[in-house]
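Let's walk through this model together, starting from one side chain and working outwards. Please have the viewer open and follow along.

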Amino acid sequence: NRGALTVISSTVSGNATTSNGDGGGLYNNGGTLTVLNSTVSGNLAQSGGGGLYNFSGGTLTVLSSTVSGNTASSANGGGLVNLSNLTVQNSTVNGNTAIGGFVSGGDGGGLYNTNQLTVTNSTLSGNSAQRGGALFNSAAGTLTIQNSTLSGNSVSGNGGGWANFNQ
């Protein structure tokens with residue numbers, strides 16, 4: 001998506017990228033994407049963003065939706081990758097996995113952020129990764145979490161709930 005796309009009361013499920021592709025369910029390339037009252041589940045990205053990938057310059061808003069059971073098989077962000085502006089509100093991000101590759105990756109089971117991320121009135125649970133089970137916030141990222149629950153997330157490294165790295 002490079003334009004404006006609104007996904008309302010829909011299901012994006014069982015999709016996959018091949019050969020190092022990002023955004024198993026949805027890929028936003030600098031556009032405006034709104035996911036409202038919808039489910040993004042069971043998608044696979046061979047690289048990052050199993051469920052959704054928000055590329056630089058894009059605006060992604062996830063409202064009253066569920067992002068669950070997605071996998072990033074060789075990079076970051078099992079549920080969502082954000083390289084721009086992402087708002088998650090009144091939503092559930094659960095059961096997503098960031099596996100990682102041979103050299104790196106596997107950060108942010110639920111969410112991986114390198115820019116602006118706001119999470120409000122949401123639940124991040126049951127996600128898994130190498131670092132940042134629920135979410136990973138990189139040195140370039142700004143993260144705000146308000147009235148939200150992070151529970152039951154797991155990692156093989158640091159930050160079961162979230163990891164905030166300055167590197």
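**Starting at aspartate 22**

The side chain of aspartate 22 comes to 2.9 Å from the backbone nitrogen of glycine 48. That side chain also makes a polar contact, at 3.2 Å, with the side chain of serine 47. Please keep in mind that what you are looking at is a predicted model.

Where does aspartate 22 sit? You will find aspartate 22 in the loop between strand E2 (11–13) and strand E3 (26–28). Its relative accessible area is 25%, so aspartate 22 counts as partly exposed. Leaving out residues up to four places away in sequence, aspartate 22 touches Thr17, Tyr27, Ala45, Ser47, Gly48 and Tyr53. Ser47 and Gly48 in that list are the partners we have just met, through a side chain and a backbone nitrogen respectively. If you would like a distance to check in the viewer, try aspartate 22 and glycine 110: they are 88 residues apart along the chain, and their C-alpha atoms are separated by 15 Å.

Now let's step back to the whole chain. How many helices and strands does the chain have? The secondary structure comes to 0 helices and 23 strands. Along its principal axes, the C-alpha trace spans about 40 × 35 × 25 Å. Of the 167 residues in the chain, 48% are buried. The accessible surface comes to about 6700 Å², and carbon and sulfur atoms account for 44% of that surface. The contacts have a story to tell as well: among those between residues at least 6 apart in sequence, 80% join residues at least 24 apart.

Next, have a look for charged pairs. A search of the whole structure finds 1 salt bridge. The side chains of aspartate 107 and arginine 131 form this salt bridge, with a distance of 2.8 Å from N to O. The pair links distant parts of the chain, as aspartate 107 and arginine 131 are 24 residues apart. Aspartate 107 lies in the loop between strand E14 (97–98) and strand E15 (111–113), while arginine 131 lies in the loop between strand E18 (128–129) and strand E19 (135–137). Are the two partners buried or partly exposed? Aspartate 107 has a relative accessibility of 6%, so this residue is buried. Arginine 131, at 24%, is partly exposed because its value is not under the 20% cut-off for buried residues.

From here, turn to the backbone, where two residues deserve a look. Serine 64 has a positive phi of about 45°, although serine 64 is not a glycine. This serine lies in the loop between strand E8 (59–63) and strand E9 (66–68), and its relative accessibility of 37% makes it partly exposed. Asparagine 90, likewise a residue other than glycine, has a positive phi near 50°. Asparagine 90 belongs to the loop between strand E12 (85–89) and strand E13 (92–94). At 38% relative accessibility, asparagine 90 is partly exposed.

Asparagine 90 leads us to our last stop, threonine 120, with which it is in contact. Threonine 120 is part of strand E16 (residues 116–120). Is threonine 120 buried or exposed? With a relative accessible area of 14%, threonine 120 is buried. Setting aside neighbours within four places in sequence, the contacts of threonine 120 are Val88, Gln89, Asn90, Gln146 and Ser148.

Note on methods. Residues numbered from 1 in each chain as written. Predicted model: local features only at pLDDT ≥ 70, side-chain atom pairs only at ≥ 80, totals over all residues. Heavy atoms only, no water. Helix = DSSP H or I, 4+ residues; strand = E, 2+ residues; numbered from the N terminus. Buried < 20%, exposed > 50% of the residue type's maximum accessible area, 1.4 Å probe, protein only. Contact = heavy atoms within 4.5 Å. Areas by Shrake-Rupley, 256 points an atom, 1.4 Å probe, with all protein chains shown as cover. Polar contact = N/O pair within 3.5 Å; in protein donor to acceptor, adjacent residues only side chain to side chain. Salt bridge = Lys/Arg side-chain N within 4 Å of Asp/Glu carboxyl O.
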